[in-house]
Amino acid sequence: MSLFYTGFQKRLLAHAAPCFVRSGQAPQIFFSAAVANTMFDRRLIQYFDWGLLLLTLLLCAVGLMTLYSAVAAGESALQKVLYFKQWVWYGVGFAAMTMCFVFDYKHMDRMAYGIYGLAVLLLGCVLLFGKLGGGSRRWLALGPVSLQPSELAKIAVIIILARYYSRRVKGEGFSLRELVPPFLLTAFPFVLIVRQPDLGTGLIIFLIAGTITLFVKIKRRSLVFLVFMTIAAIFAGSFFLKDYQKQRIMTFLNPDRDPLGAGYHIIQSKIAIGSGMITGKGLLKGTQNTLSFLPEQHTDFIFSVLAEEWGGIGASFITLLFMTLIIWGLNIAYNCRDHFGTILSVGVTAMIFWQAFINLGMVMGLMPVVGVPLPLISYGGSSILTIMVCIGILMNVSMRRFVVE
Amino acid sequence: MSKIFSKVPDTDWYKPRLAGTMFCVIGAFSLLLVRLFFLQVIEGEEYRRLSENNCIRLQSIKAPRGLIFDAKQRLLVDNRPAFNLTIVPKDARPVEKTIGRLSAYTQIPEEAFYKKLKGSRRRGAYKPVVLKPDISRDLLAVVEAHKFDLPGIAIEILPKRHYLYRYAAHLIGYLGEISAAELKSGQYPESQGGDSVGKFGIEKSGEGELRGKSGGRQVEVNARGQVVRVLKTVDAVPGCNIHMTIDHRLQVTAESLLAEQVGAVVAADAETGNILAMANSPTFDQNAFVTGMSHKDWNTLITDPYRPMENKVIQGEYPPASTYKIVTAIAGLEEGVIDENTTFFCPGYYRYGDRTFRCWRRSGHGSVNVAGALTVSCDVFFYQVGQRLGVDRLARYARACGLGKRTGIRLGHEGDGLIPTAAWKKKRVGVPWQRGETLSIAIGQGYNLATPLQMVMLTAAVANGGTLYRPHIIKKIVSAGGDIVLEAKPEAIGRLPASPETLRIVKKGLWQVVNGSRGTARLAKVDGVRISGKTGTAQVVSRKKNEDKQRKNVSRHLKPHAWFVAYGEKNGEQIAVTVIVEHGEHGSSAAAPIARDLIRAYFMADEEEHHAE
């Protein structure tokens, strides 16, 4: 399918013109009308984004196959449990995805502050009575399931920024003063997450917010100032980051520093990827993986397993698959007819992009080891759920691209 | 609101920006693809070679544990090298052949090796498995001589704990393999399964300082598993050395004085609260834990009726008996129910309600005042003081004197002791307090329980003029680099609820216990040292009914425990000592001589050292 819609679609829009909401109409009437539209508009099915669904299913299939191989080295009982749980998570993820596209995304605009408030509240709860795991508090135990509110926070920040910017977009870009509220809206959850401590997720939130902000355009003078401030912030950050966080950054800058910790992981990961060569060693035949040389081979380092067993062909296929997914998301933004939907799509796409790019860059030794899972492929419920929600939002925007009220 | 969705003129503002964004995305992914190409095509051969040999390996370097010294820089606990015979199964191909040869060279049956190998066959075939830990030098020589015949077999050198003396076992403690529960607790973030951690005594409570930080080595090995090249090394950081407050020679004296008996001795510097010696009997051999103890040996240790694994000084809770009269005297004087000259007549018994409470001396003590009552340990006198005070008032004083609560010594499993109150009895026993019970409490019997450590700190406070110190066992902690990590300073945790005048009267009584013509501990006199003290004889019969049934030697266990608390002073130096001999019968005969000899040894040793200088 073509990436850019042109003349035909514009004509179609003209036909749809009568159902546009015009200025001056009361919001309540507008929303109830929108709901009615959602329920009965056959174009929603007509415009359902089958391509995006196919891409998602492909990535999930790859994820399951790689996970099967990655856990094959372990004890068989554990392997079955992990593999089974991943199936369940995909199921839950698809349900969440469906929930995210059945209603009109414009409701998110109205609920933005509610979602944001809930996310911040949950982050506060995590710090107060979160579950300890591996030296940090990241989870809230809700009966049998554990929730990771930092994941919700990512989406909440995207929605609230989309709301803020969508009301103010203009050609000439934002001034510094206008950037203060979005900065505070981002910094608040960021600080709460870094306190957990979870540097990886905190960083992702800032990157997403930064991407959205750059996308909506900043005045040149403000931009120069911000770049300068960022550099200053990095210096300041070195004062209050935890030792191990600094260690990780330093390890990236100079891998010889900690050869037995993170540096070792990168070396083993590079050996795994490199040794796959062009055609790979074959499924379940990766020696680096089966001998447990790779740490966390089913979560953060799952791509190394994949690259070792499937070789350059498989690895570049997956890389290209991710690229297609992200371009697809940007294309949805391109075709969206309102500012909120456009910025929302850019935001969720940015989130998938950064997670994929950081994870891939990390396992290939291009980036520091920050705990960021590979979207849809790494083992783990929170990550899958969040990415599926993002894809659900993209589908939502995509299928309503011509249903402009 | 509606403005958002309306068509503003710059509706396409984002289109060029999206094109730019797509360009960036394609650029970023191209970078990844180039990197993949670089890793898998250009350097692929090299990485394939590395992966096939699996030649980059991690070896851990264990940190030597900190040493332990006594207060006078005498080394008490050391590390010695231990040689472990290990195998890396993947290098030892074929494993059967290698093990067969190893067995032939070492004369150790193959089965023994296979047992170890099976026990640890899980993940990571490149991880070394210990076939035989701590091998002898002879065996080491044999293995080294045939090294080239034995692929995959290696000798691993580890620092192992070595306890130089068989003394202070309860204070120093021992090491043992970390348990699953300890691993899970998260208190040992640096340790893995199989590591040794402190299990008891200072080895346990000082674990954080003693442990050090493991290092590691990244090495490249050849197909036989031999190290070809060391890529990177991170040196281990040795643990800190601990200097204890105990004096090894005094400790030896204390333990030999206690030998053949069941009980405990503790000596503290009255001016600082530093523990100078802490002896328990019977004791155990710490080195037995290092080499690995058999199940049977362990069982004998823990089922021994004399409880060699218990640190009786801090864990043993006994009725304080007559030593408690110090508290009753203080409370009586401070509350004004008696004064220095108040006398009571002791005919050998005291009638209270319809009960008769006996004095330990049937013929009675006649008229005694408070100092005299302490001297002769007259029960009748203290019955009357207790009756006038009431149980709750007495309990308040006892708690202020440091009884019934932990002292906070840096050792695990410290006992609380017990100081009963009326409310406590109602809650715990369910029956209201009987006023007659207060009489037993006043002479330290009944529900009262105290640890020897609490009693020695109380005695020290009486000696030093009223300051209750936290008992310290660590004098200083010094890092491997020589930096002082911690230097213990005297830590006051309270003051005796006694005026100087009250203390003077109590001290006068205690002085006469040892030096007066009617004193109960005249045996404890030492020339040249001012010794004061108090004996105690704790009845056990009623308390231990159930336990006694299981014991063989019943008659011995009916005998009371013997207490003696004392302090000695010479040249401005003060030492407080508490002795308890389980079932030793009389404080005066069983416990007092031990305290006397210990105090003498302490001051004599000082003298010898002065002469030497």
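Okay, let's start with the outside of chain A: about 17200 Å² of it is exposed, and 70% of that comes from carbon and sulfur atoms. Accessible areas here are Shrake-Rupley values with a 1.4 Å probe, and for residues only the protein chains shown count as cover.

Quick housekeeping. This is a predicted model, where local features need pLDDT of at least 70, side-chain atom pairs count only at pLDDT 80 or more, and totals for chains, interfaces and linings use all residues. Side-chain values use heavy atoms, with hydrogens and water left out, residues are numbered from 1 along each chain as its sequence is written, and chains are lettered from A and ligands numbered from 1 in the order in which they are written.

Back to chain A. Of its 405 residues, 57% count as buried; buried is under 20% relative accessible area, exposed is over 50%, and partly exposed lies in between, with the 1.4 Å probe and protein chains only. Chain A has 16 helices and three strands, taken as DSSP runs numbered from the N terminus (helices H or I, at least four residues; strands E, at least two). Now contacts, meaning heavy atoms within 4.5 Å: among those in chain A between residues at least 6 apart in sequence, 76% join residues at least 24 apart.

Next, the surface patch. Ile278(A) and Ile313(A) join Phe37(B), Phe38(B), Val41(B) and Ile42(B) in a nonpolar patch of about 550 Å². Patch residues have over 30% relative accessible area and no salt bridge; like charges are joined within 9 Å, and nonpolar side chains (Val, Leu, Ile, Met, Phe, Trp, Tyr) within 5 Å. A salt bridge would be a side-chain nitrogen of Lys or Arg within 4 Å of a carboxyl oxygen of Asp or Glu. Helix H1 of chain B, residues 14-42, gives the most to this patch, with four residues. Phe37(B) sits in that helix and is partly exposed, at 47% relative accessible area.

Staying in chain B, there's an open, antiparallel sheet of three strands, ordered S1-S8-S9. Its edge strands, S1 (56-61) and S9 (227-234), each pair on one side only; pairing takes at least two DSSP bridges. S8(B), residues 215-221, pairs with S9(B) over six bridges, and Val219(B) stands opposite Val230(B) in S9(B).

Last stop: how much of helix H16(B) is buried? Nine of its eleven residues, 379-389, are, so the helix is largely enclosed by the rest of the structure. Among them are Phe381(B), Phe382(B) and Tyr383(B). Just after H16(B), Gly390(B) takes a positive phi of about 85°.
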